[in-house]
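The following exercises concern a single protein chain. Each task is followed by a solution that proceeds step by step.

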Amino acid sequence: LRAEIIDVSKFEPTALSLHMAALKEFGIDPLDVIYVEDSVQSIQMIFGDHPVLVGVAEDANKAEKWRAAGLPEENIIMSIAELPKFLEQFRGRGKT
């Protein structure tokens, strides 16, 4: 394994592919990763390339933006503190 710093804005088209390559380098299948995001803009970068996205809404307005962007209701949480509960329910859906 090698260490290097790559300075890339998360909204650049190559950002997700760099993350996926790093996971593969560590022997992690990128399709086994749950992506947690607080930026609705990121959904465009992630959807299609990533099977599971959790949107952290923080308020009703942002939750509506997540819905409008196509994120399933069960993948929207209001706070990062709700992530453990999401993961438990996600396991219960037989997806892990």
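Helices (H or I, at least four residues) and strands (E, at least two) are DSSP runs, numbered from the N terminus. The model is predicted: local features need pLDDT of at least 70, side-chain atom pairs count only at pLDDT 80 or more, and totals for chains, interfaces and linings use all residues. Residues are numbered from 1 along each chain as its sequence is written, and side-chain values use heavy atoms, with hydrogens and water left out.

**Exercise 1. Overall make-up and confidence**

Task: State how many helices and strands the protein chain has, and where confidence is lowest and highest.

Solution. Step 1: The protein chain has 4 helices and 3 strands. From the N terminus on, these elements follow the order α-β-α-β-α-β-α.

Step 2: The pLDDT is the predictor's confidence in each residue, from 0 to 100. Its average over the protein chain is 81, and 74% of the residues score at least 70. Confidence is lowest in helix α2 (residues 42-46), with a mean of 67, and highest in strand β3 (residues 76-77), at 96.

**Exercise 2. The sheet**

Task: Determine the strand order of the sheet and which strands stand at its edges.

Solution. Step 1: Two strands pair if DSSP finds at least two bridges between them. β1 and β2 run parallel and are joined by 3 bridges; V36 stands opposite V54 in β2.

Step 2: β2 and β3 also run parallel, with 2 bridges joining them. G55 has I76 in β3 as its bridge partner, and V56 stands opposite I77 in β3.

Step 3: The result is an open sheet of 3 strands in the order β1-β2-β3, with parallel pairing. β1 and β3 are at the edges, each with a single partner strand, so one side of each has no neighbour in the sheet.

Step 4: In a regular strand the side chains alternate between the two faces of the sheet. Buried means under 20% relative accessible area, exposed over 50%, and partly exposed in between (1.4 Å probe, protein chains only). Both faces of β2 are covered, with L53 and G55 buried on one side and V54 and V56 buried on the other.

**Exercise 3. The nonpolar cores**

Task: Identify the residues of the largest nonpolar core and the elements that give two or more residues to it.

Solution. Step 1: A nonpolar core is a set of buried Ala, Val, Leu, Ile, Met, Phe, Trp, Tyr and Cys residues joined through side-chain atoms within 4.5 Å. The largest one has 10 residues: L16, M20, Y35, V40, L53, A57, A63, W66, L71 and I76.

Step 2: Two or more of these residues come from each of α1 (15-25) and α3 (60-68).

Step 3: Another core, of 7 residues, lies apart from it and includes V52, V56, F86 and F90.

**Exercise 4. The two sides of helix α4**

Task: Decide which residues of α4 are buried and which exposed residues lie on the face turned away from them.

Solution. Step 1: In helix α4 (residues 83-92), the buried residues are L83, F86 and F90. Seen down the helix axis, they fall within an arc of 55 degrees (taken from the directions from the helix axis to the C-beta atoms), so they line one face of α4.

Step 2: An α-helix has 3.6 residues a turn, so residues three or four places apart point the same way.

Step 3: The face turned away from the buried side of α4 carries the exposed residues P84, K85, E88, R91 and G92.

Step 4: Contact means heavy atoms within 4.5 Å. The cover over the buried residues of α4 includes β1 (35-37), β2 (53-56) and β3.

**Exercise 5. Three individual residues**

Task: Classify K62, E58 and I34 as buried, partly exposed or exposed.

Solution. Step 1: K62 lies in helix α3 and is buried, with a relative accessible area of 19%. Not counting residues up to four places away in sequence, K62 touches D38, V40, V56 and A57.

Step 2: E58 is in the loop between β2 and α3 and counts as exposed, at 51% relative accessibility. Its phi is near 75 degrees, a positive value in a residue other than glycine.

Step 3: I34, in the loop between α1 and β1, is partly exposed, with a relative accessible area of 23%. The C-alpha atoms of I34 and V54, 20 residues apart along the chain, are separated by 7.3 Å.
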